[in-house]
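This report introduces a protein structure to a reader who has not met it before. Please keep the sequence and the three-dimensional view at hand while reading.

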Amino acid sequence: MVQLRFLASSLFFLALSSFANAHPVSSSISDSSAIFARCSHSAPPTSFASQTTCNGKTYTYESLAGFGFVPANFRDKYGDTLSAGSSIALERKSWKKKTRNVKSKQDEKKEKETYYEGTLWLLPDRGWNTNGTTAYQPRIHKFTIDFTPLRTDAPSPALPNLKFNYKDTILLTDPSGAPISGLDPTTILAFPNYPHLPAASFPGDGFGGEGPGGTRVSLDPEGLVLDKNGGFWISDEYGPYVYRFDKKGRMTMAVRPPDAYIPIRNGTESFASNNPPIYDPELEPSPKVPESGRSNNQGFEGLTLSGDGRNLYVMLQSATIQDGGAEKTTNRYTRMLKYDISDGKKARLAREWVVPLPQYVDPTKKPSSNPRTAAQSEILALGNDQFFVLSRDGFGRASDPTESVYRQIDLIDLSSATDIRPLNLHTVTTTPSSGQLLPSITPALYCPFLNINNATELARFGLRDGGAPDASCLNEKWEALAIMPVDGEDGDDDEWFVLAVSDNDFITQDGHMAGGRIPYSDETGLDLETQALVFRVRFPKHSRPFPRDD
């Protein structure tokens with residue numbers, strides 16, 4: 001029996017002794033479409049890293065202000081390896097600006113230091129699955145964070161200044177209270193007043209060991225927002241669905257999108273994503289790729305809530321199959337939905353738009369396989385029809401190559417985009433292989449903004465894009481965003497911190513699952529920390545991401 005190891009209440013300070021020096025990297029963006037016509041991206045002067053104007057609103061990336069991480073082998077209170085970067089959600093009222101006494105670095109005398117505290121919920125995905133999916137029970141982790149912005153007299157490179165304090169874990173269950181699993185769906189389960197839910201039947205314990213077997217609802221969680229009643233909304237890649245859970249983790253609602261989103265094989269719904277279980281690598285769907293609907297592993301990756309809490313927005317990671325989603329050269333036209341949740345009892349589909357994702361040149365591919373789509377991994381509502389969108393290639397630490405070409409926090413503006421919901425369109429492109437949008441549709445405006453790979457900014461903390469896959473190299477999967485006001489109150493000065501967190505895919509050489517009883521070691525040979533970066537950003541004048549009385 002493996003001894004349970006976890007930190008339940010004490011603050012653990014996350015600091016690396018040293019980091020390798022950052023080095024310049026090359027980047028390439030390929031897009032000259034008219035959808036960028038109302039965007040301008042400025043060459044950075046010395047006073048800030050970059051700036052963009054999106055439909056008349058100017059955003060400024062001032063500097064990288066923070067870095068922190070959770071160790072790769074950290075374990076939650078159930079004894080399982082903890083991953084936390086699929087999505088994050090900040091309890092806004094918990095965010096406070098404070099001061100404390102610290103020793104001066106010059107003369108050892110006490111001085112005042114400004115810092116911030118807040119409560120952050122972090123969502124892992126479906127469990128360790130680099131060797132196959134398992135019956136890992138999806139969950140949500142609660143942390144408090146302690147953030148001390150980078151000082152002008154900080155050493156170079158600076159040590160991590162974002163600290164995580166683990167508090168709790170909530171396990172997710174289906175409407176009956178039974179555990180949910182991360183297994184690739186093989187069937188469906190029916191519950192009163194719910195749509196068909198993706199599910200998997202499994203032998204033994206669902207991890208390859210002995211047990212009674214069973215059938216559980218399947219969930220690959222990717223997006224997280226907080227419900228006003230203390231519960232959670234979670235978006236999923238399998239359905240793709242959006243689910244509501246109460247504060248104890250029990251499912252209370254499932255939102256099924258329009259039929260165009262549902263994966264179809266052999267003329268019927270088939271929720272498998274071609275991720276066979278660890279105990280049966282040959283258990284693949286036929287055909288492997290759906291005939292229409294969301295593409296494999298490209299479901300509802302982005303989820304956000306309007307500032308007033310009345311509307312949910314959810315976006316596919318890339319295009320549906322019928323819109324070109326089978327190939328990375330044609331899958332840029334993804335879809336975004338708006339649901340009105342104001343009455344608290346149902347989610348009413350209110351709007352639907354097309355969003356054009358950015359494209360980049362992959363140096364490992366021949367010209368005929370370029371440019372390729374940088375799929376989105378998260379969205380965040382900013383108000384006034386504008387959103388952050390985190391788009392990236394598939395490169396970084398634990399992938400090959402480790403040097404990313406496109407990893408950015410960009411902007412989209414919906415104010416002039418066509419609402420296609422009344423049209424009930426099965427496809428929005430001329431043909432699946434064309435990658436060309438129907439001329440009758442005006443997509444969202446896409447504005448490039450904050451380059452996470454900026455070598456000068458990463459060097460502040462000794463970080464880099466690419467190179468050896470060590471702790472200084474940025475992880476591949478950056479998937480989570482949150483914003484926090486610099487003034488610690490309501491952001492009246494338009495200065496905000498933007499927190500981005502990476503998904504480490506549970507990759508460690510000291511892993512544990514199934515309540516801590518099954519050890520594992522990832523075949524990459526790596527230990528990937530859950531990395532986090534904090535950017536300081538100036539929003540447009542008089543921005544109002546959240547109501548003043550919230």
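Cysteine 54 has a relative accessible area of 0%, and because buried means under 20%, this residue counts as buried. The model in view is a predicted one, and this cysteine is a convenient place to enter it.

## The disulfide

Cysteine 54 forms a disulfide with cysteine 447, the two sulfur atoms being 2.3 Å apart. Since cysteine 54 belongs to strand S2 (residues 50–54) and cysteine 447 to strand S26 (residues 445–451), the pair ties together parts that are 393 residues apart in sequence. The link between cysteine 54 and cysteine 447 is right-handed, with 75 degrees about the S-S bond. Cysteine 447, like its partner, is buried, because its relative accessibility is 0%. The count for the protein comes to one disulfide. Another cysteine, cysteine 473, is also buried, with a relative accessible area of 0%.

## The protein as a whole

How many helices and strands does the secondary structure of the protein contain? It comes to one helix and 31 strands. The radius of gyration is 22 Å, which agrees with the value near 24 Å that a compact globule of 550 residues would have. Along the principal axes, the C-alpha atoms fill a box of roughly 75 × 60 × 50 Å.

Of the 550 residues in the protein, 58% are buried. Among contacts with a separation of 6 or more, 66% are made by residues 24 or more positions apart. The protein exposes about 21100 Å², and carbon and sulfur atoms supply 48% of that area. As for charge, the protein has 57 positive and 67 negative charges, and the mean positions of these two groups are 5 Å apart.

## Lysine 57 and glutamate 403

Lysine 57 lies in strand S3, which covers residues 57–70. With a relative accessible area of 30%, lysine 57 is partly exposed. Leaving aside residues up to four places away in sequence, lysine 57 touches Thr52, Asn384, Gln386 and Pro540. Lysine 77 is 20 residues from lysine 57 in sequence, and the two C-alpha atoms are 45 Å apart in space.

Glutamate 403 sits in the loop between strand S24 (386–392) and strand S25 (407–413). Is glutamate 403 buried or exposed, or does its relative accessibility place it in between? At 27%, glutamate 403 counts as partly exposed. Its C-alpha atom is separated by 9.8 Å from that of proline 469, although glutamate 403 and proline 469 are 66 residues apart along the chain.

## Glycine 206

Glycine 206 is placed in the loop between strand S9 (197–202) and strand S10 (214–217). Although glycine 206 lies in a loop, this residue is buried, with a relative accessible area of 0%. Glycine 206 touches Thr134, Ala135, Leu183 and Tyr279, when residues up to four places away in sequence are not counted. The C-alpha atoms of glycine 206 and alanine 514 are separated by 9.2 Å, while the two residues are 308 residues apart along the chain.

## Backbone features in loops

Most residues other than glycine have a negative phi, and most peptide bonds are trans. The table lists backbone angles that depart from this pattern.

| Place | Feature | Angle |
|---|---|---|
| Glycine 239 to proline 240 | cis peptide bond | omega near -5 degrees |
| Asparagine 370 to proline 371 | cis peptide bond | omega near -5 degrees |
| Asparagine 266 | positive phi | about 55 degrees |
| Alanine 398 | positive phi | about 85 degrees |

Where do these residues lie? Proline 240 is in the loop between strand S12 (232–236) and strand S13 (242–245), and proline 371 is in the loop between strand S21 (359–360) and strand S22 (372–373). Asparagine 266 lies in the loop between strand S15 (264–265) and strand S16 (268–269), where its relative accessible area of 59% makes it exposed. Alanine 398 is found in the loop between S24 and S25, the loop that also holds glutamate 403. At 30% relative accessibility, alanine 398 counts as partly exposed.

Methods
Residues numbered from 1 in each chain as written. Predicted model: local features only at pLDDT ≥ 70, side-chain atom pairs only at ≥ 80, totals over all residues. Heavy atoms only, no water. Helix = DSSP H or I, 4+ residues; strand = E, 2+ residues; numbered from the N terminus. Rg over C-alpha atoms; globule rule 2.2 N^0.38 Å. Buried < 20%, exposed > 50% of the residue type's maximum accessible area, 1.4 Å probe, protein only. Contact = heavy atoms within 4.5 Å. Areas by Shrake-Rupley, 256 points an atom, 1.4 Å probe, with all protein chains shown as cover. Lys, Arg positive; Asp, Glu negative; His and termini not counted. Charge placed at Lys NZ, Arg CZ, Asp CG, Glu CD. Disulfide = S-S within 2.5 Å.
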